[in-house]
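Got the viewer open and a selection box ready? Here is a tour of what to pick next and what you should find there.

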Amino acid sequence: MEKILDIVDAIAHEKGLKPEKVKEALKTAFIQTAKRVINQKFAFEAVINNQTKTIDVIQTITVVADDDERLQDEFIAPAYISITEAREYDDQVELDDQLQIPHDLEEYGRTAASTLHREIEYHIQRLIEDEIFNKYKAKIGTLVTGRVTRVDNNNATYIDIDEVRAVLPMKNRIKGEVFKIGDHLKAVVRRVNMDKENGIQIELSRTSPKFLEELLALEVPEIADGTVVVEKSARIPGERAKVALISMHPQVDAVGATVGVKGVRINAVSQELIGENIDCIEYSSIPELFISRIMSPAIISSVEIVKDENGEAQKAIVSLSSDQKSKAIGKNGINIRLASMLSGLNIELVESDKSEQDGSESSSEQKESVDALAALFS
């Protein structure tokens, strides 16, 4: 216990913690030790003594009125004393004064020493876990790289990332991906939880649209420095993705910069995503124009935005020729699903040539009726 503060800097340096937080953890350890070896119901304070470089344990007793209800509570009563009883020891005390009784833990022998050792270990470990938890909580949605250490029977992949182990569940893995021990892989942090039994749990994802955005930032310097912004993105993992881009600089082509010369940049991202096709689209704040772009490769005749009674966009009616309908829908409906994800609207397809044909047929029938009527009266 002598000069225990000398180990604060050593612990802080070794564990990567702030000395002030280590001191608070040590104070908590001393208080909990005093409660365990002296009396659980007593109120203790731990005070740092900078001269002796030790931590002093002091029992505090607060002076209260004789009829104070806290004196009747058996759990907290030892932390309080009635003013009448307190004045038997000191006739100068007043209400809310605190009587302090110092305790030396060394007087409680090896029991106190072993208890203090366990408490220090426990609270330092909790402090380390809190630091790691806060560190990775701030990393949600960002890219991390790690090494595969285990794949369990449920095909969940466990990855070592610096000082922690994260898990990539099968549901967050791109279809067809197979990992083995020793592989290095990239993923984004999807969720971070703190569990009392299992500690920190970090869940990774390779299917999130955010993973695509992070990979683009890694490959495209213009996205990394903010010259080009990924406004929206949508994915059907392993198959196809659409990315809406906007340039912050008039001389920078957002789509061209992202695709790269001969597609070298976008191909590098696609390769990481197991051949996922990525469509790069220039973003527009005009809904009709934006929807006509994200329906690519289909050529759209017109777009009508249907709004509800509150003026909120509800769905988009897209007119197109019959030969473009299959392109608009895409294989297994992929293209229209991605367009709906990007726009946030339900998209309804209408064949424009059919409506025109219906219109011409009705006008022809009308003309024939007029001619027949004229012939009848002539």
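Start by selecting α9, residues 287-294. This helix lies across β13 and β14, running at about 125° to β13. (Helices, H or I runs of at least four residues, and strands, E runs of at least two, come from DSSP and are numbered from the N terminus; axes are lines fitted to C-alpha atoms, for helices over the stretch in contact, and angles run from 0 to 180 degrees between N-to-C directions.) You are looking at a predicted model, where local features need pLDDT of at least 70 and side-chain atom pairs count only at pLDDT 80 or more, while totals for chains, interfaces and linings use all residues. Residues are numbered from 1 along each chain as its sequence is written, and side-chain values use heavy atoms, with hydrogens and water left out.

**The sheet under α9**

Now add β13, β14 and β15. They form an open sheet of three strands in the order β13-β14-β15, with mixed pairing. Two strands count as paired if DSSP finds at least two bridges between them. Which strands stand at the edges? β13 (302-307) and β15 (346-351) do; each has a single partner strand, so one side of each is left without a neighbour in the sheet. From one strand to the next, the twist averages 25°.

Zoom in on β14, residues 313-320, which pairs with β15 in the parallel sense over six bridges. To see one of the matches, click V318: its bridge partner in β15 is L349.

**A second sheet, and α9 again**

Next, select β10, β11 and β12. Here is another open sheet of three strands, ordered β10-β11-β12 and with mixed pairing. The edge strands are β10 and β12 (277-282), each pairing on one side only. Neighbouring strands are turned by 20° against each other on average, direction ignored. Helix α9 turns up here too: it packs on this sheet, touching β11 and β12, and its direction makes about 155° with that of β12. Contact means heavy atoms within 4.5 Å.

Walk along the pairings. β10 (residues 228-236) and β11 (residues 240-247) are antiparallel, with eight bridges, and A234 stands opposite K242 in β11. The hairpin they make has three residues between the strands, and G238 takes a positive phi near 85° there. On to β11 and β12: these run parallel and are joined by six bridges, with V243 opposite C280 in β12.

**Two helices with a buried face**

Select α8, residues 264-272. Its buried residues are I266, V269 and S270. (Buried means under 20% relative accessible area, exposed over 50%, and partly exposed in between, with a 1.4 Å probe and protein chains only.) These buried residues cover an arc of only 100° around the axis, which puts them on the same side of α8; the arc is that of the directions from the helix axis to the C-beta atoms. They pack against α5 (209-219), α7 (254-259) and β12. Spin to the other side of α8 and you will find V264 and Q271 exposed. After α8 comes I274, with a positive phi near 60°.

Now jump to α1, residues 6-15, where V8, I11 and A12 are buried. Seen down the axis, the buried residues of α1 fall within an arc of 100°, so they line one face of the helix. Their cover includes α2 and α4. D9, H13 and E14 are exposed on the other side, and G16, which follows α1, has a positive phi near 70°.

**A loop stop: N39**

Where does N39 sit? Look in the loop between α2 (19-37) and β1 (44-49). N39 counts as partly exposed because its relative accessibility is 27%. Leaving aside neighbours within four places in sequence, N39 is in contact with A34 and F44. Try a distance, too: N39 and P78 are 39 residues apart in sequence and 9.3 Å apart in space, C-alpha to C-alpha.

**Last stop: the cores**

Finally, colour V22, F30, I202 and L204. Of the 43 residues in the largest nonpolar core, these touch the most other members. Such a core is a set of buried Ala, Val, Leu, Ile, Met, Phe, Trp, Tyr and Cys residues joined through side-chain atoms within 4.5 Å. Helix α4 (residues 109-137) gives the largest share of this core, nine residues. Apart from it lies another core, of 25 residues, with F290, I294, I347 and L349 among them.
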